[in-house]
Amino acid sequence: MSTTVTTSLSVTAAGLSFQSPLLNASGTFNAPLFNQLYPLQEIMGGIVTKTVTQNPQAGNMQPRTTELPGIGMLNSIGLQNPGLAYTLETEIPELKALGLPVILSISANSSGEFAQMTETILSHPHASLIDALELNLSCPNVAKGGIHFGSATDSVKEALSAVTRICPKPVFAKLTPNVSDIVSIGAAAIEGGAAGLTAINTVLGVAIDIHKKKPIMPRVSAGYSGPGIKPIALHAIWNLHKHFPETPIIGVGGIGNAQDVLEFLMAGATLVQVGTICFRQPTIFKTIQTDLQEFCRTENLNSLHELIGCAHT
Ligand SMILES: Cc1cc2nc3c(=O)[nH]c(=O)nc-3n(C[C@H](O)[C@H](O)[C@H](O)COP(=O)(O)O)c2cc1C
């Protein structure tokens with residue numbers, strides 16, 4: 001009788017253990033709902049929250065999304081969220097009950113506001129349910145903060161320092177690709193104490209309605225995500241890993257299957273986040289997990305760590 005040996009997909013990053021490299025991308029995944037479709041605890045490595053701000057935000061006017069058939073979508077949600085207090089009180093315990101590490105994504109307009117949010121988080125009775133923070137320094141769809149904050153080395157370093165000075169939990173910096181040199185922004189985040197880098201957020205894009213002869217999205221530019229941004233994400237990860245091989249990278253952008261995940265790992269990511277594809281295929285994590293295990297089996301791998309950054313050598 002033959003037995004099938006299953007390679008563990010577990011990875012470690014920033015002092016945390018993940019049973020799988022598969023996380024969801026912030027803002028694209030309703031974990032409690034999808035947990036009713038399939039048990040996330042058996043498949044995913046962790047859960048990332050929607051980005052939360054100090055106060056509730058209503059988000060942008062409609063339309064907020066438009067599909068770009070075959071290549072992805074544009075979104076301009078505008079960080080709609082219920083605010084930090086509600087998220088800490090209600091959402092964090094719900095997510096932690098799914099039995100996985102929880103990464104809280106936060107955004108602010110200044111380093112002072114980031115520090116204030118961090119203090120609120122750490123002093124909340126549910127603080128221990130949060131395993132790490134992800135600073136969203138890269139939202140393209142808000143007038144203040146977001147991408148503007150994340151495009152300058154000074155403000156990135158200040159934001160990270162303001163948080164890491166007081167936060168004992170690992171802090172990931174989520175970077176925008178909409179800069180001329182993502183490596184210098186990554187360096188600033190690391191200097192500010194980031195335990196890891198998340199790359200990338202959406203790429204700025206425009207779509208035109210040819211009948212109205214006007215841009216489709218009310219703010220004209222919006223965030224482009226989905227399969228078309230995969231090479232851009234890989235380029236960012238490749239260069240970040242080349243310059244900072246010791247810093248764990250969470251790779252995100254256009255992932256749709258196990259082949260994509262493997263490319264991200266080989267370029268230097270330790271973990272990945274899966275986003276836009278979840279709107280069409282919320283159970284995609286199951287397929288990716290099965291296919292990753294099959295790859296590990298045929299390649300006789302003992303650990304996914306054998307793959308991280310291997311394409312560089
Ligand atoms: C509808 C939508 C909402 C998003 N909201 C957030 C958010 O709140 N915070 C954040 O950091 N990124 C947000 N993103 C960006 C994703 O987390 C991810 O970085 C990006 O979509 C690229 O990955 P993908 O191509 O797999 O979707 C959002 C993306 C989409 C499509």
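Asn201 sits in the loop that links strand 10 (196–199) to strand 11 (203–205). The model is predicted. Asn201 is buried because its relative accessible area, 10%, falls under the 20% cut-off. Its side chain makes polar contacts with two other side chains, those of Asn136 and Ser138. The distances are tabulated here.

| Side chain | Partner side chain | Polar contact |
|---|---|---|
| Asn201 | Asn136 | 3.4 Å |
| Asn201 | Ser138 | 3.0 Å |

Asn136 and Ser138 also appear among the residues that Asn201 touches, leaving aside those up to four places away in sequence. The others are Cys139, Pro140, Lys174, Leu175, Thr176 and Pro177.

**An exposed loop residue**

Ile210 also lies in a loop, between strand 12 (208–209) and strand 13 (214–215). Is Ile210 buried or exposed? Ile210 is exposed, because its relative accessible area of 64% is over the 50% cut-off. Together with Val206, Ile208 and Val220, Ile210 makes a nonpolar surface patch of about 380 Å².

**The core**

In soluble globular proteins, nonpolar side chains tend to be buried together. Here the largest nonpolar core holds 92 residues. Leu40, Leu104 and Phe285 have the most contacts inside this core. Helix 8 (residues 258–267) gives the most to the core: six residues.

Leu104 has a long list of neighbours. With residues up to four places away in sequence not counted, Leu104 touches Thr49, Val52, Leu84, Thr87, Leu88 and Ile92, among others. Further along the chain, Leu104 also touches Ile121, Ile130, Ala132, Leu133 and Glu134.

**Helix 8**

How many of the 10 residues of helix 8 are buried? Seven are, and the helix is mostly covered. The buried residues are Ala258, Asp260, Val261, Leu262, Phe264, Leu265 and Ala267. An α-helix has 3.6 residues a turn, so residues three or four places apart point the same way.

What covers the buried residues of helix 8? The cover includes two helices, helix 7 (230–243) and helix 10 (284–298). It also includes strand 3 (22–24), strand 15 (249–252) and strand 16 (271–274).

Both ends of helix 8 have a local feature to note. At the N-terminal end, Asn257 acts as a cap, with a side-chain oxygen 3.2 Å from the backbone nitrogen of Gln259. Just after the helix comes Gly268, with a positive phi of about 135°.

Terms used:
Residues are numbered from 1 along each chain as its sequence is written. This is a predicted model: local features need pLDDT of at least 70, side-chain atom pairs count only at pLDDT 80 or more; totals for chains, interfaces and linings use all residues. Side-chain values use heavy atoms; hydrogens and water are left out. A nonpolar core is a set of buried Ala, Val, Leu, Ile, Met, Phe, Trp, Tyr and Cys residues joined through side-chain atoms within 4.5 Å. Buried means under 20% relative accessible area, exposed over 50%, partly exposed in between (1.4 Å probe, protein chains only). Helices (H or I, at least four residues) and strands (E, at least two) are DSSP runs, numbered from the N terminus. Contact means heavy atoms within 4.5 Å. A polar contact is a pair of N or O atoms within 3.5 Å; within protein, one must be able to donate a hydrogen and the other to accept it, and residues adjacent in sequence count only if both atoms are side-chain atoms. Patches are made of residues with over 30% relative accessible area and no salt bridge: like charges are joined within 9 Å, nonpolar side chains (Val, Leu, Ile, Met, Phe, Trp, Tyr) within 5 Å. Accessible areas come from the Shrake-Rupley method with a 1.4 Å probe; for residues, only the protein chains shown count as cover. A salt bridge is a side-chain nitrogen of Lys or Arg within 4 Å of a carboxyl oxygen of Asp or Glu.
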